[in-house]
Amino acid sequence: MYSRKHLLGLEGYSGDEILEILDHAKAFRDVLERDIKKVPPLRGITIANLFFEPSTRTRMSFELAEKRVSADVVNFSASTSSLKKGESLRDTVENILAMKIDMIVMRHGATGAPHYIARRCDSIVINAGDGSHEHPTQALLDLFTIRERFGDLKGLRVALVGDALHSRVIRSNVFGLKALGAETTLCAPATLLPKGVENWGVKITHDIEEAITDANVVNIMRLQLERQSSGYIPSLREYSRIWGIDTERVTLMDKDHMIMHPGPMNRGVEITQDVADSDESVILEQVTNGVAVRMAVLYLLSPLRREALET
Amino acid sequence: MIELMDKTHLERSLKRIALEIIERNKGAKNLVIIGIRNRGVYLSERLKAHIEDTEKVEIPIGSIDITLYRDDFKEITASPYIGGTEIIFDVEDKDVILVDDVLYTGRTVRAALDEIIDFGRPKSIQLAVIVDRGNREYPICADYIAKQISLKESEYVEVRVKEVDGEDQVVKVIKE
């Protein structure tokens, strides 16, 4: 039975733990189809969304999920420029402790920030993205979306395409896909692969056609436009030509296939208009599933549940 | 383990309850049936069949899982998985027959009432149970009961159904 205190990342998660989250997400997904999209399990629980990095969609998704499980929500927003690592973070934590907040959902530009807070404060911490490290709820909603369509992920061919050097979504997805037994291939230019990637336990290739041929799922990462000016790639056009997913490349996929993207998309760069709007694209479904998955995570980490499990 | 009701007894009680429901509601035109997961669902299917046999009307049937509405998280350790609620019809202005196997503290039914009301405003909710074992903690009572008994806290009653337990039977068990 799922009994973790925090959700800091998918590293070290067993397949069973992940499936338990996804099973719960299914029930919450059904709640989203009702007229009254609200259930009471987290009534009386206060959750603070601490977003130290700008985000609209993840934050909104979490806020919606929190309200839909009847929690009380407080939002903290901080501009990254005024925050230094270490001391200021600690001040923030101490302020929160003083306000008796039960759970924290945190996004921060520094890898390990949520782990730091989990160690220092009494509340439960959910990582909404830390630096280039992990974004566990995104990976969970990706896995949920895949499972809804394909059922068992064992042996399923999944291609992750994009900036693996900077992407926390790719990292979390790799942990999750491996735990569930998928056959994962990572495709990126050599400049956007981190050192040690060969130890990740996935197939690595620079060749998009190799990665995408016979794949059941392709999960396309956004190429940050700044990468062009920092010398990681020669130009957006070249990236798009060599690694961009267009209709022609999609025809190489397995007959039974699905196209994913965590958003926001750069239409015309990593993904073409046609592919983004095609029938096999589940990009909007991912967004809906995101709320359900986050509701499930909140439910499973709820202090009331934890208290009951500990007795 | 002591048998309180055998297969035949259980079947007769269900038929009797079906007729009581029809009598009290003056027919079956406005009825919908909702079974509380898990065993309530199977029992509700039987009731539906009996009512339809007599009245020749089709009755919408649904199921609810009250896990998300519980007031006590300790219950979840016993059955952690959320089986899912399926109510695909409108409950607005309907007479809802809520079905469960055992009525004890009343907390499960309280949760079920809250969940049903989130789907709409029924005309009425009537509760049908196989066993009412008393010791209520909330002011809840059943409208239709197959058997009323009184048990000690160390005893519990199990309504077994063919679909899950292999046979239809109601038994009393003493906890070690």
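Q: What makes B:N135 partly exposed?

A: In this predicted model, B:N135 has 13 other C-beta atoms within 10 Å. A residue is buried at 20 or more such atoms and exposed at 12 or fewer, with partly exposed in between. The value of 13 falls between those cut-offs, so B:N135 is partly exposed. The residue is found in the loop between β5 and β6 of chain B, and its phi is near 60°, a positive value in a residue other than glycine.

Q: Why does B:K56 count as exposed?

A: B:K56 has 8 C-beta neighbours inside 10 Å. The class of exposed residues takes in those with 12 or fewer, and therefore B:K56 belongs to it. Its place is in the loop between α2 and β3 of chain B. The phi of B:K56 is near 55°, again a positive value in a residue other than glycine.

Q: What makes A:E17 buried, exposed or partly exposed?

A: The count for A:E17 is 17 other C-beta atoms within 10 Å. Burial needs 20 or more, and exposure 12 or fewer, so A:E17 is partly exposed. The residue is placed in helix α1 (residues 15–31) of chain A. Its C-alpha is 9.4 Å from that of A:A179, although the two are 162 residues apart in sequence.

Q: Which strands stand at the edges of the sheet β3-β2-β4-β5-β6 (chain B), and what makes them edge strands?

A: The edges are β3 (61–64) and β6 (144–148) of chain B. Each has a single partner strand, so one side of each is left without a neighbour in the sheet. This is an open sheet of five strands with parallel pairing. Neighbouring strands are turned by 25° against each other on average, direction ignored.

Q: How do you know that β4 and β5 of chain B pair?

A: Eight bridges join strand β4 (residues 95–103) to strand β5 (residues 124–132) of chain B. Pairing requires at least two bridges, and eight satisfies that requirement, so the strands pair. They run parallel. One of the bridges links B:L103 with its partner B:D132 in β5(B).

Q: Which helices lie across β2, β3, β4 and β5 of chain B, and at what angles do they run?

A: Helix α2 (residues 39–55) of chain B lies across these strands, running at about 150° to β2(B). Helix α3 (residues 107–117) of chain B lies across them as well, running at about 155° to β4(B). In the loop between β2 and α2 of chain B lies B:N38, which a cis peptide bond joins to B:R37, with omega about 10°.

Q: How do you know on which side of α2(A) the buried residues lie?

A: The buried residues of α2(A) are A:T58, A:S61, A:F62, A:A65, A:E66 and A:R68. They cover an arc of only 165° around the axis, which puts them on the same side of α2(A). In general, an α-helix has 3.6 residues a turn, so residues three or four places apart point the same way. The buried residues of α2(A) pack against β1 (46–51), β2 (72–77), β3 (103–108), β4 (124–130) and α12 (283–301) of chain A.

Q: What span does helix α2 (residues 57–68) of chain A reach, and what is expected?

A: Helix α2 of chain A has 12 residues and reaches 16 Å from its first C-alpha to its last. That is close to the 16 Å expected at 1.5 Å a residue. Just after α2(A), A:S70 takes a positive phi of about 70°.

Q: Why is strand β6 of chain A called mostly covered?

A: Four of the five residues of β6 (residues 183–187) of chain A are buried. Burial means 20 or more other C-beta atoms within 10 Å, so the description as mostly covered rests on those four residues.

Q: How do you know that β5 and β6 of chain A pair?

A: Five bridges join strand β5 (residues 157–161) of chain A to β6(A). At least two are required, so the strands pair. Among the bridge partners are A:R157 with A:E183 and A:V158 with A:T184. The open sheet of five strands in chain A has the order β7-β6-β5-β8-β9, with parallel pairing.

Notes
Residues numbered from 1 in each chain as written. Chains lettered and ligands numbered in written order. Predicted model: local features only at pLDDT ≥ 70, side-chain atom pairs only at ≥ 80, totals over all residues. Helix = DSSP H or I, 4+ residues; strand = E, 2+ residues; numbered from the N terminus. Axes fitted to C-alpha atoms, helices over the stretch in contact; angles between N-to-C directions. Contact = placed C-beta atoms within 7 Å. Expected span 1.5 Å × (residues − 1). Arc of directions from axis to C-beta.
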